[in-house]
Amino acid sequence: MGRSLNGPVKQRFAVAVGAAVVAVLLLVTYGLLLTNLGYFSHDELQWGAGAGVDHWRELPWQGWADFTTFQYRPLTFNLWLLIAHVGFEQPLLMHALWVAFGLLNAVLLFGCLYQLRATTLQSVAGAAAFAISPYAVYVHGWTATLADVLWLAATLALLLTLLRLPVDSRWRAAIAALAFTLLGLLAKEAALVIAPLLLSAWLVWGRQPRMAAALLGSGAVTAGYLWLRLSTLLFSPRPDGAYAWSLSMPLSRWTEMQVFPYLPTALEFNSVSNASAARYTLALLLAGGVTAMMFLAHRRIGTTYLFGGAIAMGPPLVLAVGYPQYGYGFAALACGCAALAWPQLRPRGQSVLLVALLLAGWHSYNIAREMHRIGAIQARYSPALAAAVSAHRNRHADAPTALRLAVSLDADRGVFERLSREIPSYAGIRIGDLVLLVDRQQRHDAVIGADGSIAWVIAH
């Protein structure tokens with residue numbers, strides 16, 4: 001008798017402790033994101049420079065009909081320019097807005113789980129697990145990821161709309177799918193996965209008329225998009241760099257997506273390959289354990305997690321270089337599956353999911369802490385760089401030369417390479433090709449400190 005009562009008590013205690021830890025991680029992690037005084041990389045600085053015009057009508061808008069551009073994302077880029085025009089000089093405002101966008105996606109995921117007849121507690125847990133996942137924290141903490149936030153919002157909003165419609169509601173389902181797929185594709189090409197996800201849902205969860213109609217609506221938009229973009233997407237890929245692609249890459253990218261959450265010191269995917277064999281093996285075993293728990297809970301949940309998750313990863317699976325934002329949709333699907341699987345697992349199976357969640361939450365905290373650190377550096381470095389370029393240009397007005405900067409021994413060179421890469425201007429001061437990072441052994445005009453300050457080698 002004592003044993004039968006002790007088990008449930010221990011289980012409830014473990015869940016309560018896990019929930020408390022996750023709540024603390026959420027508060028601390030998002031506290032770091034909300035108090036970030038700067039930006040993470042060159043992307044925000046480049047677009048911020050474009051948004052620094054006197055009037056919003058002068059913004060360099062992307063044409064809505066320019067289907068030949070490599071990244072056709074007019075909704076994302078135009079909205080980003082407009083937001084940055086108002087708030088770029090206030091990083092705290094920008095980060096607050098991105099956190100709000102991200103948490104809205106968590107709310108949409110909550111709504112989807114609730115419509116799938118999960119309990120309120122399950123739905124909250126799934127949404128919280130998504131919000132604390134490394135993929136979500138990376139996206140919510142980096143203000144260059146508006147495209148990812150928007151396409152996933154369109155996907156989740158579509159799913160929530162479909163789940164709220166009667167099963168036999170065909171026309172409304174088709175119209176909703178057409179509209180939300182169009183919005184997603186205007187935000188990012190990753191929305192190409194919406195139609196395949198609908199097909200997967202139709203096959204796995206019952207061949208409902210509303211899902212069939214939604215598939216037709218989404219498929220029509222997707223087919224039109226591919227017809228307009230085919231030459232750019234397939235026949236004019238970037239020859240090298242982040243957008244080079246190969247059909248030999250999907251297994252590598254898929255494996256990275258699986259193990260990344262469980263490598264708590266990895267900021268980006270390049271750290272996955274640098275992990276020790278022991279750490280990588282443990283992460284792979286935990287990822288395999290999570291997959292096994294999904295199938296143990298229910299065949300449909302396991303199939304959705306494994307195959308639907310691969311679909312949600314989408315086009316980036318063929319890219320030569322992977323980045324955490326590519327796993328944003330996968331994180332939402334995975335956390336939703338985990339929430340649905342939880343009540344159907346025995347305590348040992350639930351323990352596997354709980355360990356995975358806590359390790360992923362620790363990883364998310366580390367990502368937020370690193371982004372906060374880099375933001376503080378950028379807040380000091382970019383104004384110092386603009387001032388140094390201006391002073392150097394005035395000093396060498398007769399014979400203009402690039403400002404040669406060396407990085408101090410205790411500084412993170414990679415951070416400053418990203419914060420200096422192809423920045424057109426900052427605070428109205430042209431930078432462009434007027435800055436050159438060199439080795440300390442080479443001749444240099446100034447030295448970058450670990451905190452982002454710049455010290456002249458000779459007096460100016």
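This report describes selected structural features of a predicted model, from the N-terminal helices to a sheet and its surrounding loops.

**Helical features**

Helix α1 comprises residues 2–34 and contains Val24. Together with Leu27 and Val28, Val24 forms a nonpolar patch on the surface, and the accessible area of these residues together is about 290 Å². Val24 itself counts as partly exposed because its relative accessibility is 49%, a value that lies between the limits of 20% and 50%. The spacing within such a patch can be read against helix geometry. An α-helix has 3.6 residues a turn, so residues three or four places apart point the same way.

Helix α5 covers residues 120–131, and its twelve residues should span 16 Å at 1.5 Å a residue. The C-alpha atoms at its ends are 16 Å apart, which agrees with that expectation. Many positions of α5 can be named as buried: Gln122, Ser123, Gly126, Ala127, Ala128, Ala129, Phe130 and Ala131.

**A contact between distant residues**

Tyr323 is placed in the loop between α14 (299–313) and α15 (328–341). With a relative accessible area of 25%, Tyr323 is partly exposed. The C-alpha atom of Tyr323 is separated by 5.6 Å from that of Phe269, although the two residues are 54 residues apart along the chain.

**The four-stranded sheet**

Four strands make up an open sheet of mixed pairing, in the order β4-β1-β5-β6. The edges are occupied by β4 (435–438) and β6 (454–456); each has a single partner strand, so one side of each is left without a neighbour in the sheet. On average, and with direction ignored, neighbouring strands of this sheet are turned by 35 degrees against each other.

Strand β1 (residues 403–407) pairs with β4 in the parallel sense over four bridges. On the β4 side, Leu405 has Leu437 as its bridge partner, and Ala406 has Val438. Strand β1 also pairs with β5 (residues 446–448), again in the parallel sense, over three bridges. In β5, Val447 stands opposite Ala406. Ala406 therefore has a bridge partner in β4 and stands opposite a residue of β5. Strands of a sheet pair through backbone hydrogen bonds, either parallel or antiparallel.

The setting of β1 is enclosed. Five of its five residues are buried, so the strand is largely enclosed by the rest of the structure. Both faces are covered: Leu403, Leu405 and Val407 are buried on one side, and Arg404 and Ala406 are buried on the other.

**Loop residues with positive phi**

Most residues other than glycine have a negative phi, and most peptide bonds are trans. Two loop residues may be noted in this respect. Glu422 has a positive phi of about 50 degrees although it is not a glycine. Its place is in the loop between α17 (413–420) and β2 (425–426), and Glu422 counts as exposed because its relative accessibility is 63%. Ala427, likewise not a glycine, has a positive phi of about 55 degrees. Ala427 lies in the loop between β2 and β3 (429–430), and its relative accessibility of 68% means that it counts as exposed.

**Salt bridges**

The count of salt bridges in the model comes to nine. The table lists some of them, with their N to O distances.

| Acidic residue | Basic residue | N to O distance |
|---|---|---|
| Asp148 | Lys188 | 2.6 Å |
| Asp433 | Arg430 | 2.9 Å |
| Asp445 | Arg443 | 3.8 Å |

The pair of Asp148 and Lys188 links distant parts of the chain, 40 residues apart. Asp148 belongs to helix α7 (residues 146–164), whereas Lys188 is in the loop between α8 (170–187) and α9 (194–204). Both Asp148 and Lys188 are buried.

The other tabulated pairs have other settings. Asp433 is exposed, with a relative accessible area of 56%, and its partner Arg430 counts as partly exposed at 46% relative accessibility. Asp445 is buried, with a relative accessible area of 12%, while Arg443 counts as exposed at 56% relative accessibility. In addition, Glu370, Arg373 and Asp412 are joined into one network by salt bridges that share partners.

Definitions and conventions
Residues numbered from 1 in each chain as written. Predicted model: local features only at pLDDT ≥ 70, side-chain atom pairs only at ≥ 80, totals over all residues. Heavy atoms only, no water. Patch = residues over 30% accessible without salt bridge, like charges linked within 9 Å, V, L, I, M, F, W, Y side chains within 5 Å. Areas by Shrake-Rupley, 256 points an atom, 1.4 Å probe, with all protein chains shown as cover. Salt bridge = Lys/Arg side-chain N within 4 Å of Asp/Glu carboxyl O. Helix = DSSP H or I, 4+ residues; strand = E, 2+ residues; numbered from the N terminus. Buried < 20%, exposed > 50% of the residue type's maximum accessible area, 1.4 Å probe, protein only. Expected span 1.5 Å × (residues − 1). Pairing = 2+ DSSP bridges. Axes fitted to C-alpha atoms, helices over the stretch in contact; angles between N-to-C directions.
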